[in-house]
Amino acid sequence: MASDLETVVDLLYLLVYLIQAVDNTVPSRPKPTKVTPLGLCFNSAPLIETAEFVGRNTEIENIHAVLRPDEARKEQKRVVLGGIGGIGKTQLAIAYARQYQQSYTSVLWLNAASESTLYASLLPVAQAISAEQTDLSTNEQVLAGVLKWLNRPDNARWLLVFDNYDEPDLFAINDFCPSVGHGSIIVTTRLPDLAKGKIVRVQPLQSIEDSLSILEIRSGRSGIQEDSSAKRLARRLSGFPLALVTAGAFLRKSTMTFEQYLDVYERKWNINPRRPLRLQDYQDRTLYTTWNLSYNRLRNEDPDAAQMLRLMAYFDNQNVWYDLLTAGLMDDLPEWLQTTLEDKTDFEGAMAVLVDYCLLEVQHTSQSYSMHSCVHDWTLSELNTTMSPELYWYAFNCVAKIIKNVDRDLFGYVKYNYVSRHARRLTHPRFETCDELEAGIVGREDKAMDIAQMLKEQVQLSAAEQIPHLDAHRGL
Ligand SMILES: Nc1ncnc2c1ncn2[C@@H]1O[C@H](COP(=O)(O)OP(=O)(O)O)[C@@H](O)[C@H]1O
Ligand SMILES: [Mg+2]
């Protein structure tokens with residue numbers, strides 16, 4: 001009896017052993033995973049508070065009329081928001097996504113300023129949708145992962161926002177679009193005729209009430225809808241949101257009345273003996289005048305913050321972080337640079353002043369700063385009419401130092417895309433043609449080669465060939 005029992009127990013053990021063996025050797029069929037909706041995925045989008053957004057109801061409805069997900073129509077829908085810089089394309093796209101988020105399971109904001117910014121904004125999406133062990137080191141892996149997910153038939157209600165596609169000759173946006181008959185896409189661009197889709201042209205704000213609302217919100221001065229001088233200022237700024245925001249932010253920091261601001265504005269606008277014809281474009285002139293007023297005030301109120309604004313021209317406008325900005329610190333730098341950057345609290349104080357003036361945006365998720373591309377253009381053309389070799393080579397040292405710690409084999413990896421944007425900035429045509437910068441390359445040839453190598457790996461060959469004055473020294 002006992003031996004019978006032992007046999008049965010042995011048999012049971014054998015059975016368990018066999019079951020385990022089969023379990024371990026026969027691969028079970030992978031269960032199809034359900035699509036996880038990502039909801040609103042704005043990542044590093046330049047968000048403003050919903051309460052700060054004004055008007056644009058007609059445009060939002062026009063966009064929705066084209067994009068509205070419709071089960072019956074098996075096609076991808078696409079809207080192109082076109083208009084000049086600072087007119088409000090990005091904020092309109094964000095406001096639409098916020099207002100109609102219930103129509104979509106996932107909304108992805110992607111920075112389409114360049115290929116590298118696109119890959120960088122796809123990376124967190126790829127990470128969120130992929131299994132933990134998936135390799136996402138390269139741009140190709142990241143893009144393939146996201147496209148596969150967007151192509152899935154059970155993932156049809158997404159909205160992609162390709163923002164700031166302002167250089168369509170550099171790359172084709174279609175390479176980043178899923179080729180399926182579902183999904184909705186918004187492209188924002190200054191050149192809408194070069195992008196495929198239903199064009200919605202974004203115009204200056206039409207109603208004076210909307211302009212006044214922006215001035216009101218940004219200046220923190222209530223009850224201005226009936227104020228005649230506020231109205232005159234609003235009209236003078238012609239419904240350009242970026243100019244209204246800048247003027248409003250200035251007034252929040254000042255005791256000036258609307259009348260006084262308008263007065264100084266008019267004087268700046270009309271009297272510019274040094275460059276009477278340079279800013280031919282009315283919008284540019286409107287914007288530049290508001291920024292110049294803010295800058296003049298900053299120079300008195302917080303000279304270090306004003307200097308930081310100048311320095312920003314030498315870096316890319318996206319994703320500037322503390323460790324990058326301080327990587328080039330060493331002795332013999334101008335005192336303001338040393339004191340502002342050495343202490344993180346001082347640095348953040350100066351940057352906060354620029355944020356208050358609406359000249360800079362904080363990106364809390366990535367702990368970095370960004371600047372609207374129009375403001376960035378102004379920092380180069382107006383605040384650096386004379387190039388500063390000191391600032392240029394400082395920025396160069398910062399980028400080189402960050403790159404130095406990266407293994408060369410990893411230069412092409414997607415996580416270094418933002419570094420490569422800063423590297424690319426160093427090759428801006430203004431720097432390339434500036435003779436005063438030439439001497440600085442001596443002693444920095446190795447660093448320049450590293451930067452050029454990174455740009456090459458990041459598929460920006462032409463930029464790699466243009467590190468200022470490197471060609472002349474290549475034989476050294
Ligand atoms: N409808 C709006 N209401 C309030 N502020 C706006 C609005 N549109 C734009 N802005 C302000 O103007 C700035 C520039 O707008 P943005 O959308 O970035 O312009 P674009 O993308 O056309 O260059 C924004 O940062 C925001 O502060
Ligand atoms: Mg934009």
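In this predicted model, helix α4 (residues 115–129) packs against helix α5 (residues 139–151) at an angle of about 60 degrees, and their axes are 9 Å apart. α4 is therefore oblique to α5, since angles of 65 to 115 degrees count as roughly perpendicular and those under 35 degrees as roughly parallel. The crossing of these two helices, α4 and α5, is left-handed. On the α4 side the contact involves Y119, L122, L123, V125, A126 and I129, which meet N139, V142, L143, G145, V146 and W149 of α5. By residue class, the contact of α4 with α5 holds 10 nonpolar and 2 polar residues, with no charged residue.

A second helix pair is formed by α6 (residues 208–219) and α8 (residues 241–252). Here the angle is about 35 degrees and the axes lie 7 Å apart. The crossing of α6 and α8 is right-handed. From α6, the residues S211, I214, L215, I217, R218 and S219 take part in the contact, and they meet P241, L244, V245, A247, G248, A249, L251 and R252 in α8. The contact of α6 with α8 is made up of 9 nonpolar, 3 polar and 2 charged residues.

A further pair consists of helix α16 (residues 389–404) and helix α19 (residues 445–457), whose axes come within 9 Å and cross at roughly 70 degrees. Because of this angle, α16 is roughly perpendicular to α19. V399, A400, I403 and K404 of α16 make the contact together with K447, D450, I451 and M454 of α19. In the contact of α16 with α19, 5 residues are nonpolar and 3 are charged, while no polar residue is present.

Ligand 1 is surrounded by 21 residues, of which G88, K89, T90, Q91 and P241 come nearest. Two elements, α3 (89–99) and α8 (241–252), give two or more residues to the shell around ligand 1. P241, one of the nearest residues to the ligand, is also among the α8 residues that meet α6. In terms of class, the shell around ligand 1 contains 9 nonpolar, 9 polar and 3 charged residues. At least three residues of this shell come from domain 1 (39–201), and at least three come from domain 2 (208–301).

Technical notes
Residues are numbered from 1 along each chain as its sequence is written. Chains are lettered from A and ligands numbered from 1 in the order in which they are written. This is a predicted model: local features need pLDDT of at least 70, side-chain atom pairs count only at pLDDT 80 or more; totals for chains, interfaces and linings use all residues. A residue is near a molecule or strand if its C-beta atom, placed from the backbone, lies within 6 Å of it. Helices (H or I, at least four residues) and strands (E, at least two) are DSSP runs, numbered from the N terminus. Ala, Val, Leu, Ile, Met, Phe, Trp, Tyr, Cys and Pro count as nonpolar, Asp, Glu, Lys and Arg as charged, and the others, Gly among them, as polar. Domain bounds come from an automatic or database domain assignment. Axes are lines fitted to C-alpha atoms, for helices over the stretch in contact, and angles run from 0 to 180 degrees between N-to-C directions. Angles under 35 degrees count as roughly parallel, over 145 as roughly antiparallel, 65 to 115 as roughly perpendicular and the rest as oblique. A crossing is left-handed if the near helix is turned anticlockwise from the far one by less than a right angle, and right-handed if clockwise. Two residues are in contact if their C-beta atoms, placed from the backbone, lie within 7 Å.
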